[in-house]
Structures are given as structure tokens and as C-alpha cells.
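Me: I'm new to this structure and would like a close look at a single part of it. Could you pick one helix and walk me through its surroundings?

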2 protein chains.
Amino acid sequence: MALTHIEKLIAKAVRDYGMLAEGDRILLGASGGKDSTTLAWALSRRRRWNSPRFELEALRIVGDVPGGGMSDVQAERLAGMYAEWDIPYRTLEVPIIGRLKAGEKMSCYWCATQRRTELIRWALENGCNKIALGHHLDDILATLLMNMTKKGEIATMPPRLEYEKYPLEVIRPLALVEEDSIRGFAREQGWLATTCTCDFGADGERKEYQRRLNVLCGGTEEGKRNLYRSMSNVKDGYLA
Amino acid sequence: MALTHIEKLIAKAVRDYGMLAEGDRILLGASGGKDSTTLAWALSRRRRWNSPRFELEALRIVGDVPGGGMSDVQAERLAGMYAEWDIPYRTLEVPIIGRLKAGEKMSCYWCATQRRTELIRWALENGCNKIALGHHLDDILATLLMNMTKKGEIATMPPRLEYEKYPLEVIRPLALVEEDSIRGFAREQGWLATTCTCDFGADGERKEYQRRLNVLCGGTEEGKRNLYRSMSNVKDGYLA
């Protein structure tokens with residue numbers, strides 16, 4: 001079985017960061033977006049390798065946010081894809097707006113936190129030791145730039161993160177894959193690229209940082225790869 | 001004597017990085033540009049403070065690069081300004097092109113390296129223990145972005161750097177000052193803002209990175225301040 005470009009980059013990330021181990025039970029967050037769908041597809045193929053042996057589970061969090069979900073037809077089609085890939089797939093209804101306390105405002109941050117919390121809870125209750133998220137190279141770099149220019153920190157979403165509070169690890173196997181490759185691949189496959197278009201703002205700031213990332217890197221993949229590599233190349237004596 | 005905005009930021013940099021010490025003999029590179037001229041002006045005023053006591057010297061490197069110098073009138077005016085500020089001022093002719101070996105091409109990098117080498121040599125021969133350079137906040141941040149996206153390193157020109165090979169330190173007292181402030185101040189003072197416009201390319205890449213810096217920071221000073229601050233805030237567990 002020939003590996004696609006995306007699968008090769010996943011293989012490299014898995015190797016570089018030691019993301020997979022024998023006996024892993026990995027929970028996938030299945031949003032229906034191009035990123036998590038591509039990740040599920042690739043890991044279902046990877047699961048056929050002889051070593052390490054691991055299991056996959058998928059959970060779709062269904063929120064109560066107007067415009068934030070998918071139609072019944074779309075939902076059925078997504079369930080069908082996970083079935084085709086032989087990944088157990090469940091949905092969980094979560095009252096994301098319903099959990100807001102009086103006076104609190106809905107935000108992308110709140111929504112993401114609630115979804116993450118539910119993934120963690122489900123993983124812990126169902127014996128998963130890892131959660132695989134669909135963040136890709138551009139996500140990681142845009143977050144780096146946001147943290148540098150807004151929080152004054154050199155920090156990002158790491159490709160692999162152990163939770164201190166739980167016996168659980170987050171892995172991001174798409175860490176080395178550019179968004180363009182995923183977009184192109186998902187389009188080629190004819191997948192729905194369900195994007196969150198909820199009424200509370202489609203995370204305009206993150207989109208703006210994606211644009212700034214592209215400007216910073218002169219629109220080149222090489223620039224992005226260098227930017228990524230710089231994070232493992234901090235020259236202490238040459239900082240301000 | 002009330003401090004200007006620029007002087008306050010220099011005072012902060014001096015304090016934060018311990019740039020000045022009693023008895024320092026500081027060599028200024030006097031290019032005639034807005035940055036080194038502003039720096040010379042500010043340090044000549046700073047020299048009147050009671051402590052620490054330090055001395056200033058200025059050296060202008062005169063190259064052999066067509067279009068890279070200034071007119072006799074400009075040169076005389078610059079000498080007059082340093083005299084007014086009571087800073088001993090000398091010029092040194094350096095065959096920058098003349099030193100190229102057969103087949104080597106002239107570049108901004110070569111020119112800057114030759115000038116730096118001469119400043120170092122002169123400082124060592126004349127008992128200076130520090131060289132003060134006119135790099136400002138935007139220079140430092142643009143260099144950071146260049147290093148990240150081109151060299152894959154998180155590194156920049158540090159505000160203070162001890163040479164390992166020489167008993168000499170480089171300080172950049174304008175490290176916290178935005179270029180806009182310097183440009184505005186130099187204009188207000190009616191100074192020539194002699195810019196290097198030599199025939200070998202006006203460092204277009206650096207200008208392009210200045211533009212990218214502004215895009216990245218959304219054109220805000222706050223963004224630049226955060227970006228600068230991030231360099232002292234590296235979150236090791238949250239990198240890729």
C-alpha cells in the first residue's frame with residue numbers, strides 16, 4: 001500500500017514524537033471537518049500496519065449552538081464514513097450554550113473548552129489513553145504567532161502533550177501537514193468539509209492569523225517548515 | 001532636564017540589561033543615518049547624568065561603495081553635530097569593495113561585516129570597552145522573524161552581547177524604541193536621514209521583513225511589544 005503525502009508526514013510525526021505505542025486506545029474527536037476526517041481516514045489505514053497495534057474510537061460532540069451542527073443527511077454520511085473505516089463512532093449531545101452561567105457570553109473558546117472536556121471525560125471513562133486531534137501545521141504556527149504577539153509567550157499547541165491531571169495524552173498526528181494538502185485531499189475525496197459556521201463568529205481572529213502566517217512566510221512552504229523547525233532551535237544567548 | 005520618549009526607553013533598556021557601567025568608554029558607529037544619530041544625541045545627554053560616568057567616541061566608516069556615502073556638505077554637517085554634542089568624531093576610509101577577493105560579489109552582508117570589523121579593531125586599539133549600535137525594536141524583531149522563517153532558529157541581535165574573542169561588548173540602547181519614534185524625532189530635529197542607497201541593493205529583503213513584521217503585529221505597537229517580550233518567555237513544554 002503506497003503512502004500518500006499526508007500519510008508520510010503523519011509517519012514522520014509519529015516517529016519524531018513517539019506518538020504511537022503498542023496497545024494504545026486512541027479517541028478521535030470527529031467534528032466532520034476536513035482535518036479530523038482526514039486524520040481518521042489516515043489512522044484507520046495506519047492501524048493495518050503490523051506494529052504498533054492500536055485501537056481507534058471516534059466521538060462526535062453534538063452541541064446546541066445554532067448553525068454549529070450538521071444536517072441529518074450530513075451526519076448520516078459522516079457516520080457511514082467512520083463505519084467504512086471500521087472505527088467505532090458515537091455521538092454525544094452536550095448543552096454548550098446551556099452550560100453558560102448567567103451573564104457569561106458564548107465564545108469559540110468556551111465551545112472548544114466544553115468539547116475538549118467531554119472528549120477527556122469520555123476517554124477516561126472508556127479506557128482510552130490518547131486523544132488524537134486534527135490540528136495541522138498551519139494551526140500550530142498560527143497559534144505560535146498568536147501567543148507571541150498577543151500573550152508575549154513563545155508557546156503553541158505541542159504535537160504531543162501529557163496531561164498532568166489525567167493518565168491521558170493528546171497527540172496531533174497532522175502536526176507536520178500543511179492545511180493546503182489536507183484541503184486538497186479532502187476535496188479530492190469528495191468529503192464534506194463541514195466547517196463550524198455557528199452564529200457566534202467563525203473565529204475571525206484565527207483566520208486573520210492564518211493570513212498573517214502566510215504573509216510572514218512569503219507564501220512558501222519552506223518558510224513554514226523553517227518557522228516550525230525554529231521552535232526546536234532556540235538560541236538562548238541571542239534573544240532579547 | 002525632561003526626558004523625551006526615546007530617552008525614557010533608552011533608560012529602561014540600560015536598566016533592564018545593565019548596559020552602562022562606571023568608566024565605560026563607548027564607541028559609536030556614526031553612519032549619519034537617523035538611528036545612530038539619534039543614539040549619539042541621546043547618549044551625549046545621558047552622559048551628563050551623575051552616574052555612571054562614561055565617555056563617548058564616534059567613528060564614521062567611509063567606504064568605497066558608489067552611492068553609499070554622503071556628500072561633503074552632509075559629511076561636514078554630521079561632523080558639526082557630533083562636535084556640538086561634544087563627542088570626539090573621526091572618520092576612517094575602508095576599501096569595502098577593494099577587499100573583495102576575485103569572484104566574490106558585493107553584498108549588504110559583506111559591507112556590514114567590514115564596517116563591524118573596523119569598529120571592533122578601532123575600539124580595541126583605542127581603549128573602548130563597548131560599541132553602541134543604533135539597532136532599534138523593529139530591527140530586532142525583523143531579524144527575529146528572518147531567523148525563524150529563513151534559518152529555522154529563534155534568535156536575534158541581542159540588546160547586549162559580550163564578544164568571546166575580545167574584551168568588548170556590543171550594546172543596543174535603542175532596543176526598546178520603535179522605528180517610527182526615531183523617524184519622527186529625526187524629522188523633527190531636521191536631521192538628514194542619510195540612508196544607505198548604494199548601488200548594490202538597499203537591503204530589500206530587510207525592508208520586506210519590516211513590512212511582514214507590521215502585518216504580523218496588525219500594525220500595533222502592542223503587538224510588537226508582546227513579540228519582543230515573548231523572547232524572554234519561552235514555554236519549553238509547549239513547543240513543537
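Reply: Happy to help; here is a walk from the whole chain down to one helix, and then out to the partner chain.

This is a predicted model, where local features need pLDDT of at least 70, side-chain atom pairs count only at pLDDT 80 or more, and totals for chains, interfaces and linings use all residues. Residues are numbered from 1 along each chain as its sequence is written, while chains are lettered from A and ligands numbered from 1 in the order in which they are written.

Let's start with the setting. Chain A holds eight helices and six strands; these are DSSP runs numbered from the N terminus, with helices (H or I) of at least four residues and strands (E) of at least two. Along the sequence they follow the pattern α-β-α-β-α-β-α-β-α-β-β-α-α-α. Buried residues make up 38% of the 240 residues in chain A, where buried means that 20 or more other C-beta atoms, placed from the backbone, lie within 10 Å of the residue's own, exposed means 12 or fewer, and partly exposed is in between.

Now to our helix, H3 of chain A, residues 72–84. At 1.5 Å a residue, its 13 residues should span 18 Å, and the end C-alpha atoms are 18 Å apart, which agrees; the expected span is 1.5 Å times one less than the number of residues. A:Leu78, A:Met81 and A:Tyr82 are buried in H3(A). Seen down the axis of H3(A), the buried residues fall within an arc of 95 degrees, so they line one face of the helix; the arc is that of the directions from the helix axis to the C-beta atoms. An α-helix has 3.6 residues a turn, so residues three or four places apart point the same way.

What does that face pack against? The buried residues of H3(A) pack against helix H2 (34–46), strand E2 (54–62) and strand E3 (89–93) of chain A. On the other side of H3(A), the exposed residues include A:Asp72, A:Glu76 and A:Glu84. Just after H3(A) comes A:Asp86, with a positive phi of about 65 degrees.

Finally, the partner chain. The contact takes 33 residues from chain B and 33 residues from chain A, two residues being in contact if their C-beta atoms, placed from the backbone, lie within 7 Å. On the side of chain B that touches chain A, the elements giving two or more residues are helix H5 (137–151), helix H7 (204–216) and helix H8 (221–230) of chain B.
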